[in-house]
Protein chains: 2
Amino acid sequence: MTPSGGGTRFALVAGTTDTAGRAGISAAGADSELLSVTPAADAELVTYGSPVRTDVVPVSPSGCPTPALVTRAVREVLGLDVTIIDGGLAEKTGAPTVSVGARPGKDIAEQDPVPTAHGAFAAARQFGQALPADELYLGESIPGGTTTALGVLRALGENGMVSSSLPENPTEQKENLVAEGLLASSLEPGEAENEPKRAVRRMGDPVLATLAGLTAGAVESDTAVTLAGGSQCIAVAALVRHGGYEGSLGLATTSYVAEDESADVRASADRLDLDLTVTDPGFDESDHVGMERFVAGEAKEGVGMGGALALADRAGIPMAEVRDRFAAIYDDLIGDATMATAEEGP
Amino acid sequence: MTPSGGGTRFALVAGTTDTAGRAGISAAGADSELLSVTPAADAELVTYGSPVRTDVVPVSPSGCPTPALVTRAVREVLGLDVTIIDGGLAEKTGAPTVSVGARPGKDIAEQDPVPTAHGAFAAARQFGQALPADELYLGESIPGGTTTALGVLRALGENGMVSSSLPENPTEQKENLVAEGLLASSLEPGEAENEPKRAVRRMGDPVLATLAGLTAGAVESDTAVTLAGGSQCIAVAALVRHGGYEGSLGLATTSYVAEDESADVRASADRLDLDLTVTDPGFDESDHVGMERFVAGEAKEGVGMGGALALADRAGIPMAEVRDRFAAIYDDLIGDATMATAEEGP
């Protein structure tokens, strides 16, 4: 634990958007019903290392475990301070959370999908100003979040494609849905340029609004901010830049996101003037079942995974140690369940 | 930080009761208006080491700092895992909290002062069952809480007097108020024997209901429980005993409570078969301004101070180290303010 008033703090904003309910949008849960539980479970996993109220460890339909287990592994190795912020949770979590008034987001094809966006932005900004930390790493957990991130980028008039938790990025489906949302919100692409609150309320989700508020507040009080994630963090950075902030901002992501050619996060980071850190957990050096789906291109990011890995790397922790801890947590939580599934298979 | 699924966890239940609004009942705030902020501020102090949303470090009217600073000092020395549970907070806290549905309690002279007691007990019990820990230390922060503790004891038919955050325990005022409350609730003393939920709903507060639920749930899942505090923890133990639990329960309190002849906590602990640990922080060995009001008999306990000290002692931490850390935190947070007050004095 860091002493009073300083050090590194990792904050996770967890919430939901009905946009995730569209088939083929997200891999952040074994089925569409479980998607809304994922952020509540991720919060518990990072906090306690096991589910408490949710009683579930999120996996993708093909068995890729939630990146929360990676973040938790780093947390156990580093003893990292974590604060969970309720960015519109739909299910009860046993993790302690800070409230900023965010409520679950609706589908972005609706006219006003995030009515709590302005209030959550303002409360998160105040909280970010007051939160004692020398530096803040900000992660997210929200299934369907890359699609709402695309919605925000298009509303702001930013180019670039977002990444995906699926190995094959459904970019056409996302663009079509965003076009539908812009129409429902009576917005032309780029019409919300320099109007970040309008963009996130009409085309985003409550997690993006909360993260943008936290970032704005933290930089206002001279706390260094590193956005820990991929496409959604690009959208947060775009919101903050369109709000007029021109100072230093970090982006720490995984090699899986950085190498995703469908998204080109490096170019987006360049355009938004973000200090990019890319960390490779080296999962391809292992044949552990919990890592193979990451190597196959699933998940890629989430729950601040890229930022957690960057912090471990900066502290001189070998990635092999992070992998070992991740494997131990995975085996403890879902190793048996996976084996049971395998036995039932064809 | 402890690894997944085990270790020692410290849980703080913070909440409010309108009973604290009665003049002369509590020293847990500089004035009656600030009393309702104290638990929200205590939660922030234990979590972050400084106020975040509350913007206040609670002190008594005579300047005794909140025991939260002692618990925070131990936390910084030991790296203790802390979980804050919302036991009916009246003000927004920047500390992350777990919700069990508790709402602020009304004055016990009303007929139904804690309508959320049953729901909070049930949700806290489930949470206590699921919370991963080998042992759980449970503390409280609720101004006016010794009076509601007395209310619960009398409703259950337990003898003994409660302690006080004031140097002179207003025992007669408390007994009169409890008698008024029993009348309003149509209860004879002892009429709620073996009916803990009825006792806490009619004569207690939401923090006592939440702590009783947590204790019940934790012992049901074989987590060792130590109640960290004084009179309020005696009331929690009485609620759990009257609910039929006969197993082992710890009580860790300060020397200030143990030596309070107006209360005789030792006798109550004996009657309820609690394993008592008493720890003296040795504040009398220092002439630090932040410790002198404790030595004069103010505060005595709160925010799990006795349990935190017991954990430090068990870990072989010298009390001098705890005192040094406490002094540093105090000087950083309120040293200047105290000096300013002194300069303005006569």
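This passage describes the contact between chain A and chain B, one helix of chain A and several salt bridges in a predicted model. Local features require pLDDT of at least 70 and side-chain atom pairs pLDDT 80 or more, whereas totals for chains, interfaces and linings use all residues. Side-chain values use heavy atoms, with hydrogens and water left out, and residues are numbered from 1 along each chain as its sequence is written.

Chain B and chain A each bring 31 residues to the contact (heavy atoms within 4.5 Å). About 2,200 Å² is buried between them, and carbon and sulfur atoms give 55% of that area; buried area is the accessible area (1.4 Å probe) that two parts lose on being put together, summed over both. On the chain B side, helix 2 (38–48), helix 3 (68–78), strand 2 (81–86), strand 3 (97–99) and helix 4 (117–130) each supply at least two residues. Helices (H or I, at least four residues) and strands (E, at least two) are DSSP runs, numbered from the N terminus. The residues of chain B that touch chain A comprise 15 nonpolar, 11 polar and 5 charged, where Ala, Val, Leu, Ile, Met, Phe, Trp, Tyr, Cys and Pro count as nonpolar, Asp, Glu, Lys and Arg as charged, and the others, Gly among them, as polar. Between the two chains, 0 salt bridges are counted; a salt bridge is a side-chain nitrogen of Lys or Arg within 4 Å of a carboxyl oxygen of Asp or Glu.

Chain B is superposed on chain A by a rotation of 180° with 0.0 Å of shift along its axis (RMSD 0.0 Å). The two copies are thus related as by a two-fold rotation axis. The fit is by least squares on the C-alpha atoms of residues with pLDDT of at least 70 in both. Because 100% of the interface residues of chain B are also interface residues in chain A, the copies meet through the same surface.

In chain A, helix 3 (residues 68–78) has 10 of its 11 residues buried, so this helix is largely enclosed by the rest of the structure. Buried means under 20% relative accessible area, exposed over 50%, and partly exposed in between (1.4 Å probe, protein chains only). A:Gly79, with a positive phi near 70°, follows the helix.

Over all chains, 28 salt bridges are found. A:Arg198 pairs in this way with A:Glu191 at 3.3 Å and with A:Glu195 at 3.1 Å. A:Arg198 is partly exposed at 30%. In chain B, B:Asp112 and B:Arg202 form a salt bridge at 3.8 Å, N to O. B:Asp112 lies in the loop between strand 3 and helix 4, and B:Arg202 in helix 7 (residues 196–203), 90 residues apart. B:Asp112 is buried at 17% relative accessibility, whereas B:Arg202 is partly exposed at 22%.

Technical notes. Chains are lettered from A and ligands numbered from 1 in the order in which they are written.
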